[in-house]
Amino acid sequence: MIFSLVFVAIYFPSRPQFAPTASAVAARLSITEGLSVLLRRGNFWLVAFAYALTSGTFNGYGLTFDVIMEKCKIDQKTAGLLGFVGLLASVPTNILIGSMAAFFSRWQKFMNVTILSAGTLAFFGFVAEIENWIPRNMAVVWILYVFGTMCITGVVPLLFDMSTESSHPVSEELSSTIMVLGNQMMCNVFTVILQIPNLITDEEKDRLNYVLLASYAIAILLSVLYRTTNVRLLIDAYSITIDQLDTRSIQQIRNAGVRM
């Protein structure tokens, strides 16, 4: 591992010899200019909050998973195995969805809403099972949790690509940093809630299941409100700059099937 790191540090170039797309080498705004633009870019904040409510809530839920499951009469060993298998199964799913996002960039919103809705329904069924709203079947609990985890983590590459698209020409470093900060802040909510005395008693810890479902439901709404943009796609298709988009022929843009 150390030797590999050394070789990469010595040989690995700062950028590829040839740019993969025109938008990849397009000029980016400075940090201060980028912050100013993002503060006025409502479309970006829809994605940022949707990411915080999905990934951030899921990560925080994972940190307190054994505590919540113990209240639902599921032992820590089973809870640990659930989390492990769920995350393990999500790895190939993330790779697959991330690859699809690159090929079906115009359908990212639809893919995000569909996958997020499927994950939310899976977790609703999971909560219904562990809360004994219906007779518990551990096989069903496993299937719902693993499938829900695959869906919720699977939207991460979609949301990051949507954030980059909606924030262009702001640098990806800035938009991604804001996304990660929102994720961490939402994740910390779960741990902070449990540390506040008398806020949630031991008998009420399972209420965090409802926080999880509510967060996902709000994230779906935010994703629906997101307006699809394809600025980078236009730059790549026509080899034009961001400043030229306003003066480009509307008919030519429509013929390309690109929605602004």
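This report walks through the fold, the core, the surface patch and a few single residues of one predicted model.

Some ground rules come before the details. Since the model is predicted, local features need pLDDT of at least 70 and side-chain atom pairs count only at pLDDT 80 or more, while totals for chains, interfaces and linings use all residues. Residues are numbered from 1 along each chain as its sequence is written, and side-chain values use heavy atoms, with hydrogens and water left out.

**Overall picture**

The protein chain has twelve helices and zero strands; helices are DSSP runs of H or I with at least four residues, strands are E runs of at least two, and both are numbered from the N terminus. Of the 260 residues, 42% count as buried, where buried means under 20% relative accessible area, exposed over 50%, and partly exposed in between (1.4 Å probe, protein chains only). The accessible surface comes to about 14,500 Å², and 67% of that belongs to carbon and sulfur atoms. Those areas come from the Shrake-Rupley method with a 1.4 Å probe, and for residues only the protein chains shown count as cover. As for contacts (heavy atoms within 4.5 Å), residues 24 or more positions apart account for 80% of those with a separation of 6 or more.

**Inside**

The largest nonpolar core has 51 residues, and those with the most contacts inside it are Tyr-61, Phe-65, Met-69, Phe-123, Phe-126 and Ile-130. Helix H3 (residues 42-63) supplies the largest share of this core, ten residues. A core here is a set of buried Ala, Val, Leu, Ile, Met, Phe, Trp, Tyr and Cys residues joined through side-chain atoms within 4.5 Å.

H3 itself is mostly covered, with 16 of its 22 residues buried. Its end C-alpha atoms are 31 Å apart, which agrees with the 32 Å that 22 residues should span at 1.5 Å a residue; the expected span is 1.5 Å times one less than the number of residues.

Leaving out residues up to four places away in sequence, Met-69 touches Tyr-61, Ile-74, Ala-79, Phe-126, Ile-130 and Asn-209. Tyr-145 sits in helix H7 and counts as buried because its relative accessible area is 3%. With the same sequence neighbours left out, Tyr-145 touches Phe-58, Phe-65, Leu-82, Gly-83, Phe-123 and Phe-126. The C-alpha atoms of Tyr-145 and Gly-83 are 8.4 Å apart, although 62 residues separate the two along the chain.

**Outside**

Leu-96, Met-100, Phe-103, Phe-104, Trp-107 and Phe-110 form a nonpolar surface patch with about 720 Å² of accessible area together. Helix H5 (residues 76-103) gives the most to it, three residues. Phe-104 lies in the loop between H5 and helix H6 (108-130) and, at a relative accessible area of 44%, is partly exposed.

**Two residues with positive phi**

Lys-73 and Asn-132 are both loop residues. Neither is a glycine, yet each has a positive phi.

| Residue | Phi | Loop between | Relative accessibility |
|---|---|---|---|
| Lys-73 | about 65° | H4 (65-71) and H5 | 71%, exposed |
| Asn-132 | near 60° | H6 and H7 (138-154) | 48%, partly exposed |

Methods. Patches are made of residues with over 30% relative accessible area and no salt bridge: like charges are joined within 9 Å, nonpolar side chains (Val, Leu, Ile, Met, Phe, Trp, Tyr) within 5 Å. A salt bridge is a side-chain nitrogen of Lys or Arg within 4 Å of a carboxyl oxygen of Asp or Glu.
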